[in-house]
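Reader: I should like to learn how to read a protein structure step by step. Could we go through one together?

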Amino acid sequence: MLEQLRYSIQASPFDFLLDQENWMTLGRLVYTVVVVLVCLRIIYDTRSTSKTLAYLLIAIFVPFLGIIIYFSFGINYKKRRLYTKKLIEDEVFMSELEQRVTAYSEQSLQSSSPEVKANKELIKLLLRDSFSPLTAGNKVKVLLNGEEKFPEVLEALKLAKHHIHLEYYIIDNDRIGNQIKDVLIQKAKEGVQVRLIYDDYGSRSIRRKYVAELAEAGVEAHPFHRVHFWLLANRLNYRNHRKIIIIDAKTAFVGGLNIADRYINNLKKKQALYWRDTHLRIDGPGIYYLQYLFFCDWNFCSGQFLHPEEHYFIAEPVKDAHCRVQIAASGPDSPTSTILFSLLQSIYLAQEEVLITTPYFIPGESILNALCVAAMGGVSVKLLVPGIADSALVNAAAWSYYDDLLLAGVEIYLYQKGFMHAKTMVIDGNMSMVGTANMDNRSFELNFEVNAVVYDKEISQQLHNAFYLDLNDAKKIDPEEWRNRSRVKQLFEKLARLLSPLL
């Protein structure tokens with residue numbers, strides 16, 4: 001091709017310009033060079049081998065569109081930090097703060113609590129990786145579904161005296177969305193400082209009138225990572241998937257539920273999809289790291305510098321409360337995949353039982369191997385995933401991992417009552433996680449996520465009971481039947497798995 005082009009130009013430059021075939025040859029040459037350069041960029045810039053291969057396949061075999069997909073969704077924002085988590089520019093003060101957090105957590109680690117003893121490695125991992133303190137004296141309440149969460153949230157918001165901080169992926173302009181808006185407006189008029197971070201894509205229905213009404217009443221509201229190209233804005237983007245509420249530095253809410261009517265089952269019509277989800281209310285010093293995360297995100301998206309003053313971190317241990325809480329959070333700004341590491345450590349610490357609920361299960365090799373090792377080592381591993389899915393491609397990619405899990409002895413259940421959206425894990429009845437992170441690459445690497453880690457037998461038992469109650473509405477996969485499913489389905493699943501690092 002290159003030799004033919006050189007000959008055409010040497011023969012007659014004028015004729016070359018008029019020859020359409022020569023222009024096509026030149027175009028092919030330029031495109032080949034571009035593809036080679038893009039492939040080199042992918043190899044250099046992408047750390048995950050499976051992700052690298054997936055992007056290479058798309059760039060090479062999907063002309064033009066593959067390159068657009070990579071530059072839209074594949075740039076490694078871990079190297080190009082969206083913002084820094086460093087709230088305080090004074091290195092000395094920051095060093096002192098880290099020392100205090102370490103000392104506080106090391107003191108908590110001396111506890112004779114069996115939950116702490118059983119999970120010391122996990123506690124130390126979160127402390128050393130992200131300076132997330134182990135906090136004691138927390139009161140934690142499990143909230144199942146929107147019908148339990150939203151009455152609790154509305155009541156807590158109405159009692160606010162100093163500040164309300166909210167950070168959500170989805171807020172809809174509907175009944176519950178407006179109920180919360182009305183409370184925020186009322187509290188702002190009473191002199192409470194109200195700040196709201198909403199994801200610009202997930203909460204697109206509130207971007208105009210809803211936010212304008214809040215601003216008029218004195219509520220500060222800012223979008224996170226504003227979306228400019230809507231056709232490219234989907235779940236592949238670097239979105240803020242966190243759901244956090246902090247009230248007066250004493251009470252916090254975190255979990256899987258966004259703010260929308262569709263998450264409240266007693267508001268729905270009979271034919272509407274049942275929504276199964278889990279949230280937590282935390283009272284006590286467990287809110288500290290959630291407040292810290294909000295400060296980081298606020299300073300990024302608002303352009304302000306909100307100082308971590310003492311009145312934002314005043315929560316005292318709750319009397320007669322014994323829950324120990326730690327927060328695991330990560331995103332494109334994180335130097336390490338904190339949430340992935342915390343999940344892996346939890347699975348490897350399991351001695352008796354691992355209960356996992358997740359709506360999107362595309363675990364990658366590390367989680368897959370950890371679950372298989374646990375099951376083959378005699379640990380009872382149960383996985384509850386949606387039987388009713390919202391994406392055929394994502395579902396097929398998830399199914400491609402089931403063969404290995406079933407062979408290792410993992411029990412897999414498909415939830416049938418509605419859509420299973422809860423993101424929970426219970427280990428040995430003494431540690432549990434509830435949060436926003438799905439078990440997929442998006443949550444581990446590309447979205448901003450947060451999980452609450454609770455070291456407490458009572459809370460773990462409540463989540464254990466909820467898990468087994470959900471199994472009554474689930475269908476257990478029979479390994480023999482699964483192996484005998486059609487070859488066409490298996491082929492589609494294997495093809496989908498090739499794209500799993502990108503889903």
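Author: The following exchange takes up the whole chain, a helix, a surface patch, the interior and the salt bridges in turn. Please bear in mind that this is a predicted model.

Reader: How many helices and strands are in the protein chain?

Author: The protein chain has 20 helices and 19 strands. Of its 503 residues, 57% are buried. The chain exposes about 22,600 Å², and carbon and sulfur atoms supply 57% of that area. Among contacts between residues at least 6 apart in sequence, 82% join residues at least 24 apart.

Reader: How should one read a single helix? Which residues of helix 20 are buried?

Author: The general idea is that an α-helix has 3.6 residues a turn, so residues three or four places apart point the same way. In this structure, helix 20 covers residues 487–498 and has twelve residues. Its first and last C-alpha atoms are 17 Å apart, close to the expected 16 Å. The buried residues of helix 20 are Q490, E493 and A496. Viewed down the axis of helix 20, these buried residues fall within an arc of 125°, so they line one face of the helix.

Reader: What covers the buried residues of helix 20, and which residues are exposed on its other side?

Author: The cover includes helix 15 (392–399) and helix 19 (479–483). On the other side of helix 20, R487, V488, L491 and K494 are exposed.

Reader: Which residues form the nonpolar patch on the surface?

Author: The nonpolar patch is formed by L57, I60, F61, V62, L65, L491, L495 and L498, which together have about 750 Å² of accessible area. Helix 4 (49–61) and helix 20 are the elements that give two or more residues to this patch. One member, I60, is found in helix 4. A residue between 20% and 50% relative accessible area is called partly exposed, and I60, at 45%, belongs to that class.

Reader: Let us turn to the interior. Is V450 buried or exposed?

Author: V450 is buried, its relative accessible area being 0%. V450 sits in strand 18 (residues 449–455). Beyond its neighbours within four places in sequence, V450 is in contact with several residues, among them R242, I244, V254, L290 and A437. V450 and H241 are 209 residues apart in sequence, yet 8.2 Å apart in space from C-alpha to C-alpha. A second case is S432 in strand 16 (residues 431–435), which is buried at 1% relative accessibility. Outside its neighbours within four places, the contacts of S432 include M425, A452, V454 and L463.

Reader: How many salt bridges does the structure hold, and where does the bridge between K181 and E213 lie?

Author: The structure holds 15 salt bridges. In the bridge between K181 and E213, the closest N and O atoms are 2.5 Å apart. K181 lies in helix 10 (residues 175–189) and E213 in helix 11 (residues 209–217), so the pair ties together parts that are 32 residues apart in sequence. K181 is buried at 7% relative accessibility, whereas E213 is partly exposed at 25%.

Reader: With which residue does R242 form a salt bridge?

Author: R242 forms a salt bridge with D297, and the closest N and O atoms are 2.8 Å apart. R242 is in the loop between strand 4 (220–224) and strand 5 (244–247), D297 is in helix 12 (residues 288–302), and the two are 55 residues apart. Both R242 and D297 are buried.

Key. Residues are numbered from 1 along each chain as its sequence is written. This is a predicted model: local features need pLDDT of at least 70, side-chain atom pairs count only at pLDDT 80 or more; totals for chains, interfaces and linings use all residues. Side-chain values use heavy atoms; hydrogens and water are left out. Helices (H or I, at least four residues) and strands (E, at least two) are DSSP runs, numbered from the N terminus. The expected span of a helix is 1.5 Å times one less than its number of residues. Buried means under 20% relative accessible area, exposed over 50%, partly exposed in between (1.4 Å probe, protein chains only). The arc is that of the directions from the helix axis to the C-beta atoms. Contact means heavy atoms within 4.5 Å. Accessible areas come from the Shrake-Rupley method with a 1.4 Å probe; for residues, only the protein chains shown count as cover. Patches are made of residues with over 30% relative accessible area and no salt bridge: like charges are joined within 9 Å, nonpolar side chains (Val, Leu, Ile, Met, Phe, Trp, Tyr) within 5 Å. A salt bridge is a side-chain nitrogen of Lys or Arg within 4 Å of a carboxyl oxygen of Asp or Glu.
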